[in-house]
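Visitor: Please take a close look at one part of this model with me. I'd like to follow the charged side chains, and then see what else turns up along the way.

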Amino acid sequence: MPNVKTATADKVPIGQKAAFGAGHLVLNLLPGALGVFMFFLLTAFGMDPFQAGLLGGLPRFFDAITDPVMGFISDNTSSKYGRRRPYIFVGAILSAIFFIMLWQMDENNSSTFNFWYFLIMSMVFLIGNTMFATPLVGLGFEMTTDYNERTRLMAFSQTVGLIAWVIVPWFWPLIPNADLFDTQADGVRQMAIYVGIGCLLLGVLPAIFCRGIDAANMGNRKKLTFKTIFSNLGDLIASIKEAVKNKPFMKLCGATFLVFNGYQIVASFSFFIIVFFLFNGDYGATGTWPAWFGSIGALVSAFFVIPIVSAMANKWGKKNAFIISTAISIVGYILKWWTFDPDNVLLMFIPVPFMSFGLGSLFTLMMSMTADVCDLDELRNGMPRKEGTFGALYWWVVKLGQGLALVASGLVLKLIGFEGDAATQSVETLTKLRIADIVVPVVTAALAIWVMWKYSLSEERAKDIKAQLEERRGVL
């Protein structure tokens, strides 16, 4: 089916795209900073590695409860400001404040005290962050009903969001810098304040400038109040079951789990390979090379990969764009075997544009396709639309995978004999590390292509669904 020009009414104004992108920058910056800062639980706050591992994993169980509940609440909220925007506004403020408070620990406290402080504050932070993130994702699914404009919106927001991953790698050299901060703990506390303030200012922009669908216009919705919220738990469970029965949606979740978490398992391996293989364990000589490696990857994704992927999706369809992009990333991972060369460090940047097609395309395409899935769900199950529920379940899969990836990453390092406190690593260990760094993401990416090979929601089918919905209930 030839592409049809997007109607003016279906286009998202550039101001709204920019505000939505600002929200995605926050959506990436908070977990990115959290991941880096957690390393300093060991070095700055003297926490036991096992305790630090628990602090990375336990909050994921809390997420499993709060995300779907928040999605259901925002799906069924009616206010003069829409379904999502009040939660985004309040959630942005709470996320920023609680993130700052999370890191205001005193290194002189006992590790047990800091463990319980951090665990409790993590739960409090996640409440605010869920209130912000889940409605924001749902808002993006409903900002336009056009098949191709959805991809353009997600491409724009992901481009802005990737700026966070240009910034995050530089936290590694900044926090331990004795010229900037008296101690690493002081560096963490102060950097948390800067991150929190930035996220607050950017996070409220989608609530102020973006527009979505008001539940008041959607007929068969659940009336939610503080008194009735618990009586609607059955409806929440029913909504989750309907989402899980949606085969195209489950394919999106499965492919995302594989690509993203295949990358996450080996995410730290490049840092270790640069330090121990390229620079033989010399951290001084390593300098800022790992930060440049991460930042350049994010820049390539934002300003090179995403525009290309968006054009491919517009021309050949979203599924084909995903398969092509993921195949290109496999080429990049394989190239790392030859381009990580101690005699020429600059060669390590050659695979970056190829690898960037993996993550650079992933969320742009998958979130656009999830919006199409929400239309399919409405066609099958009627109102109310469940963008919040689908968004919550999708991101819960991502978060669950992150937790499992952290465990798997440590297991792989243990199996290959990597010693984190050693000045150097054996040749055998480094060879195994480099093999794992390539094989793991290649295998998971190949499996993701297999999962998506028979994905059935094409552009023609999506536009037919939209026409049926508008004939049935009018234009929202």
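Guide: Here is a walk through the salt bridges, followed by a few cysteines and a patch on the surface. Bear in mind that this is a predicted model, where local features need pLDDT of at least 70 and side-chain atom pairs count only at pLDDT 80 or more, while totals for chains, interfaces and linings use all residues. Residues are numbered from 1 along each chain as its sequence is written, and side-chain values use heavy atoms, leaving out hydrogens and water.

Let's begin with the charges. Side chains of opposite charge can pair when their charged atoms come close. A salt bridge here is a side-chain nitrogen of Lys or Arg within 4 Å of a carboxyl oxygen of Asp or Glu, and that rule gives 23 salt bridges. A network of them links Asp75, Arg83, Arg84, Glu142, Arg150, Lys318, Asp372, Asp375, Glu378, Arg385, Glu387 and Arg473.

Pick out Asp75 in that network. Asp75 has a salt bridge to Arg84, with the closest N and O atoms 2.9 Å apart, and another to Arg83 at 3.9 Å, N to O. Asp75 counts as buried because its relative accessibility is 1% (buried is under 20% relative accessible area, exposed over 50%, partly exposed in between, with a 1.4 Å probe and protein chains only). Arg84, also at 1%, is buried, and Arg83 is buried as well.

Now hop to Glu142, in helix H4 (residues 111-142). Helices are DSSP runs of H or I with at least four residues, numbered from the N terminus. The side chain of Glu142 makes a polar contact with that of Arg83 at 2.4 Å; such a contact is a pair of N or O atoms within 3.5 Å, and within protein one must be able to donate a hydrogen and the other to accept it, with residues adjacent in sequence counting only if both atoms are side-chain atoms. Leaving out residues up to four places away in sequence, Glu142 touches Arg83, Arg84, Gly212, Ile213 and Glu387, where touching means heavy atoms within 4.5 Å. Glu142 is buried, since its relative accessibility is 6%.

Elsewhere in the network, Asp372 pairs with Lys318 in a salt bridge, the closest N and O atoms being 2.7 Å apart. This pair links distant parts of the chain, with Asp372 in helix H16 and Lys318 in helix H15, 54 residues apart. Both are buried.

Helix H16 (residues 352-381) also holds Cys374, which is buried at 1% relative accessibility. Cys374 touches Phe141, Arg385, Lys386, Glu387 and Phe390, not counting residues up to four places away in sequence. What about disulfides, meaning cysteine sulfur pairs within 2.5 Å? The count is 0. Cys253 is in none, as the nearest cysteine sulfur, in Cys374, is 11 Å away. For Cys199, the closest cysteine sulfur is in Cys210, at 16 Å, so that is too far for a bond.

Finally, step out to the surface. Ile334, Trp337, Trp338, Ile435, Val439, Val443, Leu447 and Trp450 form a nonpolar patch there, with about 830 Å² of accessible area together (Shrake-Rupley method, 1.4 Å probe, only the protein chains shown counting as cover). Patch residues have over 30% relative accessible area and no salt bridge; nonpolar side chains (Val, Leu, Ile, Met, Phe, Trp, Tyr) are joined within 5 Å, like charges within 9 Å. Helix H18 supplies the largest share, 5 residues. Val439 sits in H18 and is partly exposed, at 41% relative accessibility.

Terms used
Helices (H or I, at least four residues) and strands (E, at least two) are DSSP runs, numbered from the N terminus. A disulfide is a pair of cysteine sulfur atoms within 2.5 Å.
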